[in-house]
Amino acid sequence: AQNRLGHEALQCFGRMRDERFSPDPVTYASVLKSCGIVKSLEIGEYIYAEVRKQGLLEKDVVLGTALTDMYAKCGALDKARKVFEELPERNVVTWNALIGGYSHNGLGHEALECFRQMKDTGLCPNTVTYICILKACGIEGSLDIGEDIYAEVRNKGFLEKDMILSNALVDMFCKCGELQKAQKVF
């Protein structure tokens, strides 16, 4: 799953089940990641049912994040949001799964709203958060928010450390029609 070989990971999971080994939360998280990779909502929902039956979501933020991410990658954003809302604990990675899901599915407004909600909880965005939210700014043409993000990442010294973040800024400025600013970041 970590190497994006979703089908192979799901086959291993099938063999594991055939040999009567019981999955643990790490196994389930890996299988959910694989479901997101191959966009298998059907298997993901099967895993979700098992996880709920065992009461694992109440205890494991990683598993809750994997489930949110799987639904988002499969385009089932209403289900991703529902799972997210039911989680007893969320961290920046959990928020990133939802924000990224909205951004990658072209729902910039929803991503921006999640970003605002995340910041209201007191969590600090990381580079993944910024990359996802810059994509949302480009989708929505939200230059003002994009410029605020630019100032934040510049002040934190992230631009020098993360080429993907720099590329996201260039892309956002281009989509907002600010080619000189895009050139400056480039």
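**Exercise 1. In this predicted model, decide whether Glu 147 is buried, partly exposed or exposed, and then find its salt-bridge partner.**

Step 1. Start with the accessibility. Glu 147 has a relative accessibility of 28%. Buried means under 20% and exposed means over 50%, so Glu 147 counts as partly exposed.

Step 2. Now look for the partner. Glu 147 forms a salt bridge with Lys 181, and the closest N and O atoms are 2.0 Å apart.

Step 3. Place both residues along the chain. Lys 181 sits in helix α11 (residues 179–185) and Glu 147 in helix α9 (residues 143–155), so this pair links distant parts of the chain, 34 residues apart.

Step 4. Check the partner too. Lys 181 has 32% relative accessibility, so Lys 181 is partly exposed as well.

**Exercise 2. Which parts of the chain does the salt bridge between Arg 52 and Glu 86 tie together?**

Step 1. Find the contact. The two side chains meet in a salt bridge, at 4.0 Å from N to O.

Step 2. Locate the residues. Arg 52 lies in helix α3 (residues 41–53) and Glu 86 in helix α5, so the bridge joins parts that are 34 residues apart in sequence.

Step 3. Read the accessibilities. Arg 52 is partly exposed at 48%, and Glu 86 is partly exposed at 41%.

Step 4. Widen the view. Arg 52, Lys 82 and Glu 86 are linked in a network of salt bridges.

**Exercise 3. Where do Arg 116 and Asp 120 lie, and how far apart are their closest N and O atoms?**

Step 1. Both residues belong to helix α7 (residues 108–120), 4 residues apart, which is about one turn of the helix.

Step 2. They form a salt bridge, with the closest N and O atoms 2.5 Å apart.

Step 3. Arg 116, at 40% relative accessibility, is partly exposed, whereas Asp 120, at 56%, is exposed.

**Exercise 4. Work out how helices α4 and α5 are oriented, and which residues make their contact.**

Step 1. Take the geometry. Helix α4 (residues 61–73) and helix α5 (residues 77–86) pack at an angle of about 165°, with axes 7 Å apart.

Step 2. Angles over 145 degrees count as roughly antiparallel, so α4 is roughly antiparallel to α5.

Step 3. Add the handedness: α4 passes α5 in a left-handed crossing.

Step 4. Name the residues. From α4 come Gly 64, Leu 67, Thr 68, Tyr 71 and Ala 72; from α5 come Leu 77, Lys 79, Ala 80, Val 83 and Phe 84.

Step 5. Sort them by class: the contact has 7 nonpolar, 2 polar and 1 charged residues.

Methods:
Residues are numbered from 1 along each chain as its sequence is written. This is a predicted model: local features need pLDDT of at least 70, side-chain atom pairs count only at pLDDT 80 or more; totals for chains, interfaces and linings use all residues. Side-chain values use heavy atoms; hydrogens and water are left out. Axes are lines fitted to C-alpha atoms, for helices over the stretch in contact, and angles run from 0 to 180 degrees between N-to-C directions. Helices (H or I, at least four residues) and strands (E, at least two) are DSSP runs, numbered from the N terminus. Angles under 35 degrees count as roughly parallel, over 145 as roughly antiparallel, 65 to 115 as roughly perpendicular and the rest as oblique. A crossing is left-handed if the near helix is turned anticlockwise from the far one by less than a right angle, and right-handed if clockwise. Contact means heavy atoms within 4.5 Å. Ala, Val, Leu, Ile, Met, Phe, Trp, Tyr, Cys and Pro count as nonpolar, Asp, Glu, Lys and Arg as charged, and the others, Gly among them, as polar. Buried means under 20% relative accessible area, exposed over 50%, partly exposed in between (1.4 Å probe, protein chains only).
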